[in-house]
Amino acid sequence: MILPIVAYGDPVLKKKAKEISKDYPKFWELLENMFETMYNAHGVGLAAPQIGLPIRLFLVDAEPFADDEELSEEERKTLTGFKKVFINAEIIEETGDEWAFTEGCLSIPEVREDVFRKETIKINYLDENFVQHTETYSGLAARVIQHEYDHIEGVLFTDKLSSLKKRLIKGKLTNISKGKISADYRMKFPLAKKGR
């Protein structure tokens, strides 16, 4: 089932999410719905807070980036079939130089800005079968994970922008929270006037 994506301004997007256990109600149904919702919105990642659930769960599918001619052969190979579920994730380490990449977010449609992030991460997480992993990722794979990880920490990519950039997009963000935007997927707007 395609779920509505929570728009900028909803308090759930600013909450640090809680861990879950393998007896989380209707877990497999939730995963299926999240993947369906993400693909419907043409996203490469989706975190549970974006569908209104303050839990430490996010999923990524970076396959669309595998076609990018500007990436190295090695990175394109990494991104091919890069589809994962992250439960109760903790980034243990972020290393390397910071680099800029234009990011967008399904909760903040029509806003895209350069965000600086470290190149390499080491992350602990449970997969969909609640098996523990500790893995290291670099480049775009790391960035997609960092962006989704921020969601379970209550951080949005717009929080990482300079104060000048934040001022420049303030009006757009207010309009998004009020539902004055046209997204081509279902959304839930925290400040939308009822009955319009």
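## Close-ups of a predicted model

**View 1. Seven bridges tie strand 5 to strand 6, and the two run antiparallel.** Everything shown here and below comes from a predicted model. Strand 5 covers 108-126, while strand 6 takes in 132-138. Look across the pair and you'll find N124 standing opposite T134 of strand 6. Together the two strands make a hairpin, with five residues between them. In the turn sits F130, whose phi is positive at about 60°.

**View 2. The open sheet is built from five strands, in the order 2-3-4-5-6.** Pairing in this sheet is antiparallel. At the edges stand strand 2 (45-47) and strand 6 (132-138). Each of these has a single partner strand, so one side of each goes without a neighbour in the sheet. Going from one strand to the next, the twist averages 45°.

**View 3. Here's the strand 2 edge, with helix 1 lying across it.** Strand 2 is joined to strand 3 (residues 57-61) by three bridges, and these two strands run antiparallel. L46 has L59 of strand 3 standing opposite. Helix 1 spans residues 27-40. Besides strand 2, helix 1 lies across strand 3 and strand 4, and it runs at about 45° to strand 3.

**View 4. I5, in strand 1, is the residue to look for here.** Strand 1 is just 5-6. I5 counts as buried because its relative accessibility is 1%, and the cut-off for buried is under 20%. Leaving out neighbours within four places in sequence, I5 is in contact with T37, A41, L46 and Q50, among them, as well as L106 and S107. Its contacts also include a run of residues further along the chain: Y185, R186, M187 and K188. K83, by comparison, sits 20 Å from I5, C-alpha to C-alpha, with their positions 78 residues apart in sequence.

**View 5. Two residues with positive phi, K26 and E110, make a nice pair to inspect.** Most residues other than glycine have a negative phi. K26 has a phi near 50°, and E110 has one near 70°. Their settings are easy to find: K26 is in the loop between strand 1 and helix 1, whereas E110 is in strand 5. K26 counts as exposed because its relative accessibility is 62%. E110 counts as exposed too, at 56%; the cut-off is over 50%.

**View 6. K16 is found in the loop between strand 1 and helix 1.** Setting aside residues up to four places away in sequence, K16 touches R56, I152, E153 and G154. K160 is 144 residues from K16 in sequence and 16 Å away in space, C-alpha to C-alpha.

**View 7. The largest pocket holds about 500 Å³ of space.** Its lining is made up of 25 residues. Nearest the pocket's centre lie G43, V44, G104, C105 and R112. Strand 4 (83-105), strand 5 (108-126) and helix 3 (139-152) each give at least two residues to the lining. By class, that lining splits into 12 nonpolar, seven polar and six charged residues.

Terms used. Residues are numbered from 1 along each chain as its sequence is written. This is a predicted model: local features need pLDDT of at least 70, side-chain atom pairs count only at pLDDT 80 or more; totals for chains, interfaces and linings use all residues. Side-chain values use heavy atoms; hydrogens and water are left out. On a 1 Å grid over the protein atoms alone, a cavity is a set of points where a 1.4 Å probe fits but cannot get out, and a pocket is an open set with protein on both sides within 12 Å along at least five of seven lines; lining residues have an atom within 4 Å of a point. Grid points are joined across faces, edges and corners, and a volume is the space filled by probe spheres set on the points. Helices (H or I, at least four residues) and strands (E, at least two) are DSSP runs, numbered from the N terminus. Ala, Val, Leu, Ile, Met, Phe, Trp, Tyr, Cys and Pro count as nonpolar, Asp, Glu, Lys and Arg as charged, and the others, Gly among them, as polar. Buried means under 20% relative accessible area, exposed over 50%, partly exposed in between (1.4 Å probe, protein chains only). Two strands pair if DSSP finds at least two bridges between them. Axes are lines fitted to C-alpha atoms, for helices over the stretch in contact, and angles run from 0 to 180 degrees between N-to-C directions. Contact means heavy atoms within 4.5 Å.
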